[in-house]
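Trainee: Could you walk me through this model while I have it open?
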Amino acid sequence: QDVCIRHRFEEDHACVSVEAAVSKALSQVRAAMPRDEFAEAHRTLQKIFGNIVGDPGNEKFRTLKKSNAVVSQKLRHPACVEALKLCGFA
């Protein structure tokens, strides 16, 4: 069963799964960024999420510092930030 991400923020809405919302955000990034920058952002997001999936009990993978150079440069596009927020990052 899909979980609606909008239930966290809105009461009256069309339901949207987390997967669909993240996919939409990544599509926006792909359209807005140069190809090489998107590829780097995509690899970075895959690594972040892969670390969590690979070791879900490890708390260090569940936090990102906004001051971190990787986060502030490679994931600077607002849709990258949105994808992270949709997945629980603040």
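Trainee: How do the axes of H2 and H4 cross, and within what distance do they come?
Mentor: The axes of H2 and H4 cross at roughly 15 degrees and come within 12 Å, the axes being lines fitted to C-alpha atoms over the stretch in contact, with angles from 0 to 180 degrees between N-to-C directions. H2 and H4 are therefore roughly parallel to each other, a term for angles under 35 degrees. This is a predicted model, in which local features need pLDDT of at least 70, side-chain atom pairs count only at pLDDT 80 or more, and totals for chains, interfaces and linings use all residues. Residues are numbered from 1 along each chain as its sequence is written, and side-chain values use heavy atoms, with hydrogens and water left out.
Trainee: Which residues make that contact?
Mentor: Ala41, Leu45, Ile48 and Phe49 of H2 meet Cys80, Ala83 and Leu84 of H4, where contact means heavy atoms within 4.5 Å.
Trainee: And which residues of H4 are buried?
Mentor: In helix H4, a DSSP run (H or I, at least four residues) numbered from the N terminus, they are Ala79, Cys80, Ala83, Leu84 and Leu86, buried being under 20% relative accessible area with a 1.4 Å probe, protein chains only. Seen down the axis of H4, these residues fall within an arc of 165 degrees, so they line one face of the helix.
Trainee: Switching to Thr44, is that buried or exposed?
Mentor: Thr44 is buried, its relative accessible area being 10%, and a polar atom of its side chain lies 2.8 Å from the backbone oxygen of Glu40.

Note on methods: Buried < 20%, exposed > 50% of the residue type's maximum accessible area, 1.4 Å probe, protein only. Helix = DSSP H or I, 4+ residues; strand = E, 2+ residues; numbered from the N terminus. Arc of directions from axis to C-beta. Polar contact = N/O pair within 3.5 Å; in protein donor to acceptor, adjacent residues only side chain to side chain. Parallel < 35°, antiparallel > 145°, perpendicular 65-115°, else oblique.
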